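Biologist: Could you take a close look at the aromatic part of this one for me? I'd like the ring geometry and whatever sits around it, in one go.

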Amino acid sequence: DAVTHMRRALQLDPFSYLVNRRLGATLFLDRQYDAALAQLQRAGEMEDHPGSIDNYMSLIYEQKGDHDETVQHDLRALRENQPQIDTPALLGVYQRDGWQPYWRARTRALLTASAGPCTAYEIGVDDLRINELDHAFESFQHAIDSHCFSMAFIRVDPLFDSVRHDSRYAALLARMHQ
């Protein structure tokens, strides 16, 4: 339904950066990765600093198994959204040490950067990526405590597909609805 509604919104306002970006995000959540990439690229042509586009493109490339593109887009999003983070150093970690060390270094960088209400959520997602589930679920509990709006996406975000069977995932959902 969300894809249908977003397509209708695009018909009504085809030159809206926000509508184009949100349709791309909705297609990502619907696991239509190629269509999401195309839509986000269209949105990117409308905006000079598309950090939120790079964030979604990173997530899409991750689902497609392209680690190099994932990291490149993640670093672009970090440069825009967290300029105090040393992104060249993170790139060096990825190039030298690989996928898991990159996400661990990214987590450390987020912890030293200015913390926001969704920092715990971002750290939890980084932990999911490298299968450190105990830390991930602990971070998600902190994200709930911080009233992070991103927690609303755990029902549909593909990154959570691997843990939907975990009893801690069900406990998170229950806690969110208390």
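Modeller: Here's a walk through the aromatic rings, then a neighbouring topic or two. Keep in mind that this is a predicted model.

Overall, the structure holds ten aromatic pairs. Take Phe137 and Phe140: their ring centres are 6.3 Å apart with 80 degrees between the planes, an edge-to-face pair. The cut-off for that label is an angle over 60 degrees. Both of these phenylalanines belong to helix α9, which runs over residues 133-145, and they're three residues apart, or about one turn of the helix. Phe137 and Phe140 are both buried, too.

Now for another pair, Phe160 with Tyr169. Here the centres are 6.5 Å apart and the planes meet at 45 degrees, so this one goes down as tilted. As for exposure, Phe160 has 0% relative accessibility, so it's buried. Tyr169 comes in at 6% and therefore counts as buried as well; the cut-off is under 20%.

These two pairs belong together: Phe137, Phe140, Phe160 and Tyr169 form one aromatic cluster with Tyr121.

While we're in α9, have a look at Ser139, which is also in that helix. Its relative accessibility is 11%, so Ser139 is classed as buried. If you skip the neighbours within four places in sequence, Ser139 is in contact with Ala120, Ile123, Gly124 and Asp127.

Tyr121 also leads us on to the largest pocket: along with Asn55, Glu122, Phe149 and Ser150, it's one of the lining residues that lie nearest the pocket's centre. The volume of this pocket is about 790 Å³, and 33 residues line it. By type, that lining splits into 14 nonpolar, eleven polar and eight charged residues. If you want to know which helices are involved, α2 (17-29), α4 (51-63), α5 (67-81) and α8 (119-129) each supply at least two residues of the lining.

One last ring, with a charge this time: the charged end of Arg129 sits over the ring of Trp103, 4.0 Å from the ring centre.

So, to pull the aromatic part together: Tyr121 is in a five-membered group with Phe137, Phe140, Phe160 and Tyr169, and Tyr121 is also among the residues nearest the centre of the largest pocket.

Terms used
Residues are numbered from 1 along each chain as its sequence is written. This is a predicted model: local features need pLDDT of at least 70, side-chain atom pairs count only at pLDDT 80 or more; totals for chains, interfaces and linings use all residues. Side-chain values use heavy atoms; hydrogens and water are left out. Rings of Phe, Tyr and Trp (its six-membered ring) pair if their centres lie within 6.5 Å; planes under 30 degrees apart count as stacked, over 60 as edge-to-face and the rest as tilted. Helices (H or I, at least four residues) and strands (E, at least two) are DSSP runs, numbered from the N terminus. Buried means under 20% relative accessible area, exposed over 50%, partly exposed in between (1.4 Å probe, protein chains only). A charge sits over a ring if NZ of Lys or CZ of Arg is within 6 Å of the ring centre and within 35 degrees of the ring normal. On a 1 Å grid over the protein atoms alone, a cavity is a set of points where a 1.4 Å probe fits but cannot get out, and a pocket is an open set with protein on both sides within 12 Å along at least five of seven lines; lining residues have an atom within 4 Å of a point. Grid points are joined across faces, edges and corners, and a volume is the space filled by probe spheres set on the points. Ala, Val, Leu, Ile, Met, Phe, Trp, Tyr, Cys and Pro count as nonpolar, Asp, Glu, Lys and Arg as charged, and the others, Gly among them, as polar. Contact means heavy atoms within 4.5 Å.
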